[in-house]
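Me: Please go through this structure with me by question and answer, keeping each reply short.

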There are 2 protein chains.
Amino acid sequence: MTTTTVPDSPATGWRATGVAQLEPAELERIDAWWRAANYLSVGQIYLLDNPLLREKLTPDHVKPRLLGHWGTTPGLNFLYAHLNRAVAQRQQPTMYLTGPGHGGPGLVASAYLDGTYSEVYSDITQDTEGVRRLFRQFSFPGGIPSHVAPETPGSIHEGGELGYALSHAYGAAFDNPDLLVAAVVGDGEAETGPLATSWHSNKFLNPAQDGVVLPILHLNGYKIANPTVLARIPQDELRDLMVGYGYTPHFFEGGYDEDESPLDVHRRFATLLDEVLDEIAAIKERAADGDLSRPAWPMIVFRTPKGWSGPAEIDGKKTTGSWRAHQVPLANARDTPEHLAVLETWLRSYRPEELFDDEGRVLPEITALAPQGALRMSATPHANGGLLLKDLRLPDFRDYAVDVPVPGGSTSEAPRVLGQWLTDVIRLNPDNFRIFGPDEVASNRLQAVYDTTDKQWNAEFIGPEVDEHMARAGRVMEMLSEHQVQGWLEGYLLTGRHGLLTSYEAFIHIIDSMFNQHAKWLKVTNDISWRRPVASLNYLLSSHVWRQDHNGFSHQDPGFIDHVVNKKAEIVRVYLPPDANTLLSTYDHCLRSRQYVNVVVAGKQPAPNFLDMEAAIEHCTRGLGIWEWAGTETAGEKPDVVLGCAGDVPTMEVLAAADILRRELPDLKVRVVNVVDLMRLQDATEHPHGLTDREFDGLFTPDRPVVFAYHGYPWLIHRLTYRRTGHEHWHVRGYKEEGTTTTPFDMVMLNDLDRYHLVIDVIDRVPSLGSTQAGLRQRMQDARIRARAWTREHGDDIPEVRDWVWPDAQDQADSGQVGATLGTGGDNE
Amino acid sequence: MTTTTVPDSPATGWRATGVAQLEPAELERIDAWWRAANYLSVGQIYLLDNPLLREKLTPDHVKPRLLGHWGTTPGLNFLYAHLNRAVAQRQQPTMYLTGPGHGGPGLVASAYLDGTYSEVYSDITQDTEGVRRLFRQFSFPGGIPSHVAPETPGSIHEGGELGYALSHAYGAAFDNPDLLVAAVVGDGEAETGPLATSWHSNKFLNPAQDGVVLPILHLNGYKIANPTVLARIPQDELRDLMVGYGYTPHFFEGGYDEDESPLDVHRRFATLLDEVLDEIAAIKERAADGDLSRPAWPMIVFRTPKGWSGPAEIDGKKTTGSWRAHQVPLANARDTPEHLAVLETWLRSYRPEELFDDEGRVLPEITALAPQGALRMSATPHANGGLLLKDLRLPDFRDYAVDVPVPGGSTSEAPRVLGQWLTDVIRLNPDNFRIFGPDEVASNRLQAVYDTTDKQWNAEFIGPEVDEHMARAGRVMEMLSEHQVQGWLEGYLLTGRHGLLTSYEAFIHIIDSMFNQHAKWLKVTNDISWRRPVASLNYLLSSHVWRQDHNGFSHQDPGFIDHVVNKKAEIVRVYLPPDANTLLSTYDHCLRSRQYVNVVVAGKQPAPNFLDMEAAIEHCTRGLGIWEWAGTETAGEKPDVVLGCAGDVPTMEVLAAADILRRELPDLKVRVVNVVDLMRLQDATEHPHGLTDREFDGLFTPDRPVVFAYHGYPWLIHRLTYRRTGHEHWHVRGYKEEGTTTTPFDMVMLNDLDRYHLVIDVIDRVPSLGSTQAGLRQRMQDARIRARAWTREHGDDIPEVRDWVWPDAQDQADSGQVGATLGTGGDNE
């Protein structure tokens, strides 16, 4: 394998060329490319040997296990061929995004034909042996996947899960004003929810500042085993649907009329493509002249038979133009002579002898169809975003610190503080950083960013009294679809930019599966030498499980962390900063990182600050540590009990419990350990951030009771620590599914995570206390009951809880000092 | 609380009444209902006391924490009022489905007005004290949620997560030919992916056999902090979109023209509603006459101001008709005299003195708007599906058993066997059981069901050569959207029917969040006395992580089980039947169960059968057990090692390892334990299916090494067992994220779950073997390397692995007996 360097920037495109009057030779060239691509695709699926059919096909030439998808492939190849011609003619930087990514053989074939494949995989040479290897490796042990995948040059889009072609395409187009993204949408994929809403991305695109997405709806009519919905509604209805989505649809149908010559089909499509690209060029020109209003961008409905050019029938059953062409027709080609004959006839129908020279090299007059260098769609640097990635210019986060004169000595909504820093991140990085959210950026308290930017919006405006912070260009992208904003961000990151997504913790599960696919993409690219690292995908989950006052049970689920932790340790990071300064320090780290998914959970409600910036940096650098100021242990002696905590609410409750313990049991030696970086709990052999056993024992002791208060489901802490020496002494409290409640402390009590219960846990677990502290235990029980009764009477938390502050802060207040407090302002859900 | 019994069936509806010429008094009644509902809604959000405003409003009357959502509520109330009138007039059984379910106060208010609320909650009486309690309980500790929720009579739809209003509505309508489902879709919700594709449900509805969904797109223009997309495109574009989705849109706009009297607004909407309902009646009549083709069902675009009837401005900022009305306007009403005054003016604008009598009872001339009994939308038995639920008539699954003369003595694709039983389930239950899948029913090998039914489809047909098993009525529902089919099934179950969903294991994560909401619904309804149990939600995941030959890495993720296990133990069940007969027995159990989510993972590839039906039933009844025939222990003595397994592929590998061990180390006492019901591993105190420690130790021993081969991520087994005595002796192998591979055994090897590695594990963990069996260990290593090299050379598994059978089956084969084998047939993805 060789690595790719950043190619010279091609000339800017958007040329209106008019409709090319193609000579027959040019149409022949397109057809020859298409045949070559189809031949190479079928070859990948079926052939183990005899790659150029220079001898008669025998069973031994056929792979023993036939795996892959043929049906969508010829359509993809047809489009790639035609785009080649147009891209070369217009010198238009173009990315080809394959929604039906199971058509992997097609994209590999196209990348091989334009030379990219052999450049990045030097063993897949441009000769007979190279073709043989190309065929053999496909969906073969030790080879390449059957889908479009990270291994496929030119792709940012794994073909394994359908639904995200357009959101990825628009994400790629944002801030790439000269880029055309030709996005093929399968008509199967078009039935998915995420795809169905992603058409509306056009209301969020700025025609001057952003690139262009050309959706091509590939209406081949069938899925795995069914017809597709959009292929089975009247064409007028489909037209209305596309017009309703805000596009100008262009209909093309090819491959059904047996009397029409292939060259005529090519001529018709070339004409249509030129018309469409000229329409785009005209829109871009108007935008350059200042008209930024939303145009009805063109899109193409491309109706061709599924498995086009394959066998019409197999065993008397219609195959081409039916769902039977979806995967591998002729599944028994190796064992059934009739099928083998059909396969050979099929392969020879592409006339390989006209496509390859004696050495097995594709004829140069065919490959000449493709553009050169970085204009080749398989070689576009945009699809290897790390090549284009620039470090963010980050303002010094220390300058945004909140004042924390003593622990608990000030109060902040942590994300609101982060928002001030992000404002300057946006200011310093005006064209490669965006914030994404499903209508929750302000709700999650990042609204300071509107001091310097707006929400990008290109639907109708009404007026400033309702359209606050909305403009045709802006760094914040909001639509009420987690799928859409996640897809946009993925596309934006994979093309070499930076961003973050803020959402509610419970509903981020909506994109569980998208996270999976992105994490898998990152994992695989780590092992592909020509793929360069991209910026991490950063989450900020600020409406978390413990503060769903407006919403309750349906909004309570901290399990996204569990889901994330199932992925490879080298890819995922989970942070639970307990206050504003630790959140700042954490996020600075996240925005500098590469190739991770960083999940940051930090509540948006006013909460005490515990660490000044210096302490916050030290704490975040360690990832976890003893808060000596909160404990009562004596230097050099083991504590009697360790109170662990991870998450803002659990940290506050642990501190409140520590406060009670130091008042009630002044001789008890309590250690408080706070965890910011959850992965540090794991073993060093399991996660790169993991602690060694020695480090772990140094913090938590191998033999003292540990009462651990955790933000999420408690068993995750057990899972991370069950191999540690002292694990049998661990008692973890976390979130349980217990139904709605509407005051915060009530919620905490419902989950037994409250200060009183933590004190009871300590009494029950420190042997010396169990027998002597029955009275304190009872008082804690009574305090809980009193607190619960108060909420039911008053609809609010009991003052002793609501107004509790860490004793140092109380001392400070008593002495007349006041810590800085950030106002709480707008209280959107 | 009282419980509801099944009311008498109301007369069938679908009367065409023409447009009612409403007298002013009737319009006044509608308006009074609307004002009463709005008053009761605002009261719930704000008032702690003084419910009928019989005295001047003081801060003490206002709740200390104001929680809830006002913006969508008046529109919901308006629609409910008008539907009341029409339902009563037409005697049309109707369910009201609230997409913007955060408008909880509105639905509670409406249920209170029609009397249902006081019937099911006897403490919420129809008098002043009842109103006070109604207000106080709302979003209050110990009270009711702020959203539409299980606690809300008439609802099957939790308002916490947006996107599923239409799929739930269509699910409710299937097989309910006389039911109208009025489904309000919020324009925020309309931006979600699942909602965007769910409009297409109309292509899957049979106009005779199924009920009718009337979508009402509530275009109030704003979300939490942004305008909505569909409110900011030209009306023509929105019309095209709805026509493109296959509907006949009817546009209504109200509340913007200050010169129009409220009665005129009501008159216009009543007229429109009558026209639409007559249009529906006409379609139903045509369907009754045999025209089953897809009509363009009517839908309503209902454009009204967000927060309609609320304060126009607050603090000089536009509130009604803007996103500022979304949640709680006047958030500081208790502390700010000006806001308190605005609140009082707002409440009094509904003229409560005209709505309630001296005792605080709503005037009977107002409540008379509602229909009676079960026709009340809040009282419809369809929204309390357990009332209507009938047990399935299940054929005896033992009659579908595969022959297993000896363990391993036959081969089946287990789901194909299940499909034969399901065929007869369908035959015996022609109108209350459906199978749902995202284009994967045949791929997952249930195609036998097409012997007796079809896929329901009401888009265009082409002809039998491609439209196999498709008809306008059928029991199988397939669309390429996991969201859609999950939503349909949820709606179908919650209205008292039965079903299952089959999907690929990796992509079921797409509906993680929907599963969460359904599980939460079930959990809460378990504690609501008037809610009757509904049938369980059954999954069949047959394309699982270990056999993704066509697809590879992107299709590999066994984490849905982990996700499910995070929910309450009383709700979730996970089954991993190892072969065909155990799958039959398991699924019989699932289809009989209530109020669970049953996750069944069973591979679709040909695999050996181990248990005959008698043994399968016994094994499934226990949920796990020792397979004595597979082990080599001596009765009365402890084994030297326990081989545990859960899942079909791990079971086969464990048996292959046991086979090697009995040949190579005949003196080693091996016990094999297979687990079908994963929850049995948990402690009895954690899960109702859990084993006691004594039972657990009896199976796994407290002190012998356990090598456990598990289908999914290994830490789940640790999580389920870490509290057990012998846990430190457990070594679990399961799925690791390791990238694509394309032969099954290669995949197993990549994960170290293969037979050779399991033997090595035994050698490494049984103390007596470590020093003596270095030779065997080396041979196992060599066998792995050989197997791996073979796949890379031949593209298939090495014969010694591929052709391995359990020795009893080999003996049987050698003696000429042959077990029954079900053909493998079609090989769809």
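Me: Which residue just after α3(A) takes a positive phi, and of about what value?
Reply: This is a predicted model. Just after helix α3(A), the backbone at A:Gly115 adopts a positive phi, of about 95°.

Me: How many of the residues of helix α3 of chain A are buried?
Reply: Helix α3 of chain A spans residues 104-113 and is mostly covered. Among its buried residues are A:Leu107, A:Val108, A:Tyr112 and A:Leu113. The count of buried residues in this helix is 10 of 10.

Me: Which elements of chain A do the buried residues of α3(A) pack against?
Reply: The buried residues include A:Gly104, A:Pro105 and A:Gly106. Their packing partners are helices and a strand of chain A: α1 (24-46), α2 (73-90), β1 (94-98), α4 (116-120), α5 (128-137) and α11 (364-367).

Me: How are the two copies, chain B and chain A, related?
Reply: A turn of 180° with a shift of 0.0 Å along the axis lays chain B on chain A, at an RMSD of 0.0 Å. The copies are thus related as by a two-fold rotation axis.

Me: Which residue of chain B has the C-alpha nearest the axis?
Reply: Chain B is laid on chain A by a turn of 180°. In chain B, the nearest C-alpha lies 1.9 Å from that axis and belongs to B:Gly193.

Me: What percentage of the contact residues of chain B recur in chain A?
Reply: In the contact between the chains, 130 residues of chain B meet 130 residues of chain A. The same surface serves both copies, and the share of contact residues of chain B that recur in chain A is 100%.

Me: What area is buried between chain B and chain A?
Reply: Carbon and sulfur atoms give 53% of the area buried between the two chains. The total is about 10,600 Å².

Me: How many salt bridges are there between chain B and chain A?
Reply: One salt bridge across the chains joins the side chains of A:Arg324 and B:Glu468, at 2.8 Å from N to O. Between chain B and chain A the count is 16.

Me: Which helix gives the largest share of the side of chain B that touches chain A?
Reply: Between the two chains, 69 residue pairs are in polar contact. Elements of chain B that each supply at least two residues of the touching side include α7 (193-198), α8, α14 (512-525) and α24 (774-794). The largest share, seven residues, comes from α14(B).

Me: How do the residues of the side of chain B that touches chain A divide into nonpolar, polar and charged?
Reply: Chain B has 130 residues in contact with chain A. That side of chain B divides into 45 nonpolar, 44 polar and 41 charged.

Me: Which residue of chain A does the side chain of B:Arg232 join in a polar contact of 2.8 Å?
Reply: B:Arg232 sits in the loop between β3 (212-218) and α8 (235-244) of chain B. Because its relative accessibility is 2%, B:Arg232 counts as buried. Residues that B:Arg232 touches include A:Trp457, A:Phe461 and B:Tyr222. Its side-chain polar contact of 2.8 Å is with A:Asp467.

Me: How many residues apart in sequence are the parts that A:Glu344 and A:Lys56 tie together?
Reply: A:Glu344 and A:Lys56 form a salt bridge, with closest N and O atoms 3.4 Å apart. A:Glu344 is in helix α10 (residues 337-348) and A:Lys56 in the loop between α1 and α2, so the pair ties together parts whose separation in sequence is 288 residues.

Me: Is A:Lys56 buried or exposed?
Reply: Its partner A:Glu344 has 9% relative accessibility and therefore counts as buried. For A:Lys56 the relative accessibility is 61%, so A:Lys56 counts as exposed.

Me: Are A:Glu191 and A:Lys223 buried or exposed?
Reply: The side chains of A:Glu191 and A:Lys223 meet in a salt bridge of 2.7 Å, N to O. The relative accessible area of A:Glu191 is 1%, so A:Glu191 is buried. With 3%, A:Lys223 is also buried.

Me: How far apart in space are B:Leu392 and B:Arg592, C-alpha to C-alpha?
Reply: B:Leu392 lies in the loop between α11 (364-367) and β8 (410-412) of chain B. Residues that B:Leu392 touches include B:Phe433, B:His498 and B:Leu591. B:Leu392 and B:Arg592 are 200 residues apart in sequence, but their C-alpha separation is 7.4 Å.

Definitions and conventions: Residues are numbered from 1 along each chain as its sequence is written. Chains are lettered from A and ligands numbered from 1 in the order in which they are written. This is a predicted model: local features need pLDDT of at least 70, side-chain atom pairs count only at pLDDT 80 or more; totals for chains, interfaces and linings use all residues. Side-chain values use heavy atoms; hydrogens and water are left out. Helices (H or I, at least four residues) and strands (E, at least two) are DSSP runs, numbered from the N terminus. Buried means under 20% relative accessible area, exposed over 50%, partly exposed in between (1.4 Å probe, protein chains only). A polar contact is a pair of N or O atoms within 3.5 Å; within protein, one must be able to donate a hydrogen and the other to accept it, and residues adjacent in sequence count only if both atoms are side-chain atoms. Contact means heavy atoms within 4.5 Å. Buried area is the accessible area (1.4 Å probe) that two parts lose on being put together, summed over both. A salt bridge is a side-chain nitrogen of Lys or Arg within 4 Å of a carboxyl oxygen of Asp or Glu. Ala, Val, Leu, Ile, Met, Phe, Trp, Tyr, Cys and Pro count as nonpolar, Asp, Glu, Lys and Arg as charged, and the others, Gly among them, as polar. Copies are superposed by least squares on the C-alpha atoms of residues with pLDDT of at least 70 in both. Lists of a residue's contacts leave out its neighbours within four places in sequence.
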